[in-house]
Amino acid sequence: MDGGLVARDMSSDDLTQVMTIENNAQASPWGRLSFEESLTKSHFCRVLEVAWEHEQGQQSQIVAYHVVCPILDELHILNVVAAPQYQGIGLGHRLMHDILEIAEHHQTRRIFLEVRASNEKAQSLYLKWQFKQMGLRKAYYRRTLSNTSREDALIFMRDCTQA
Ligand SMILES: CC(C)(COP(=O)(O)OP(=O)(O)OC[C@H]1O[C@@H](n2cnc3c(N)ncnc32)[C@H](O)[C@@H]1OP(=O)(O)O)[C@@H](O)C(=O)NCCC(=O)NCCS
């Protein structure tokens with residue numbers, strides 16, 4: 001897929017595709033309003049899109065996205081998602097690469113994120129990108145249909161001055 005894969009800024013025209021992925025991929029999906037608010041704030045909202053030639057012209061499909069919020073010399077990762085049917089083929093690494101490029105460009109010192117204690121896939125990805133667990137928020141996440149107790153959040157941080 002990598003040949004036809006491009007990273008670009010998200011726009012409001014992308015939100016139908018993004019919401020379909022979000023609802024299928026996340027335990028507690030964001031609502032459309034959260035994406036709309038991120039697009040109007042100074043957040044970085046980026047998509048990975050695959051494009052191909054078709055008889056009727058060029059076709060494209062969003063396969064992954066992230067939303068990142070800059071606060072002074074920090075970046076806070078708010079959302080990182082690969083479409084379920086395309087997980088496990090490197091899109092998570094591609095998203096992290098894009099986030100690290102943003103961090104480098106903005107001379108970010110530290111990157112923070114929160115991840116569900118049960119989300120081992122995402123934790124494994126973050127550890128590979130030199131994030132370290134530096135805290136825990138007890139019972140941080142709301143109950144979901146599949147998880148009737150409030151789940152802990154692990155706080156991960158990447159020290160970009162050391163990496
Ligand atoms: C987390 C997520 C973005 C990873 O995306 P992905 O495209 O599947 O990831 P990649 O294929 O690039 O794999 C990246 C790393 O994730 C981890 N990973 C991926 N699939 C895994 C699996 N089935 N089991 C364990 N670890 C896994 C591995 O560390 C992998 O690195 P490796 O391929 O070098 O071994 C994706 O699973 C996702 O969208 N999950 C739902 C939303 C979510 O939980 N987001 C994170 C919120 S904090």
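In which helix is the place of A103? I looked this up before anything else, and I note that the model I am reading is a predicted one.

**Entry on A103.** I found the place of A103 in helix α3. I then asked myself whether A103 is buried or exposed. I record A103 as buried, because 23 other C-beta atoms lie within 10 Å, where 20 or more are needed for that label. Leaving aside neighbours within four places in sequence, I list L75, T108, I111 and C160 as the contacts of A103. For one of these partners, C160, I also looked up the spacing: A103 and C160 stand 57 residues apart in sequence, while their C-alpha atoms are 8.2 Å apart in space.

**Entry on the sheet.** I followed the strands next, and I read seven of them forming an open sheet in the order β1-β2-β3-β4-β5-β7-β6, with mixed pairing. The edge strands are β1 (5–9) and β6 (132–137), each of which pairs on one side only. Ignoring direction, I note that neighbouring strands of this sheet are turned by 30° against each other on average. Looking at one pair in detail, I saw that β3 and β4 pair in the antiparallel sense over eight bridges, and that I71 has E74, in β4, as its bridge partner.

**Entry on the helices against the sheet.** Helix α1 packs on the sheet and touches β3 and β4, and its direction makes about 70° with that of β3. Helix α3, where I had placed A103, lies across β1, β2, β3, β4 and β5, and I note that it runs at about 50° to β3.

**Entry on the core.** I wrote down 31 residues for the largest nonpolar core, and those with the most contacts inside it are L48, A64, Y65, I77 and L95. Two or more residues come from each of α1 (15–25), β2 (44–54), β3 (57–71), β4 (74–82), α3 (91–105), β5 (110–116) and β7 (153–159). I followed A64 further and, not counting residues up to four places away in sequence, found that A64 touches L48, V81, A82, A83, L91 and L95.

**Entry on the ligand.** Which residues come nearest to the ligand? Of the 21 residues around it, I noted A82, Q87, L91, G92 and S124 as the nearest. The elements giving two or more residues to this shell are β4, α3, β5 and α4 (120–128), and α4 gives the most, with six residues. By class, I recorded ten nonpolar, eight polar and three charged residues in the shell.

Notes. Residues numbered from 1 in each chain as written. Predicted model: local features only at pLDDT ≥ 70, side-chain atom pairs only at ≥ 80, totals over all residues. Core = buried A, V, L, I, M, F, W, Y, C linked by C-beta atoms within 7 Å. Buried ≥ 20, exposed ≤ 12 C-beta atoms within 10 Å, placed from the backbone. Helix = DSSP H or I, 4+ residues; strand = E, 2+ residues; numbered from the N terminus. Contact = placed C-beta atoms within 7 Å. Pairing = 2+ DSSP bridges. Axes fitted to C-alpha atoms, helices over the stretch in contact; angles between N-to-C directions. Near = placed C-beta within 6 Å. Nonpolar A, V, L, I, M, F, W, Y, C, P; charged D, E, K, R; others polar.
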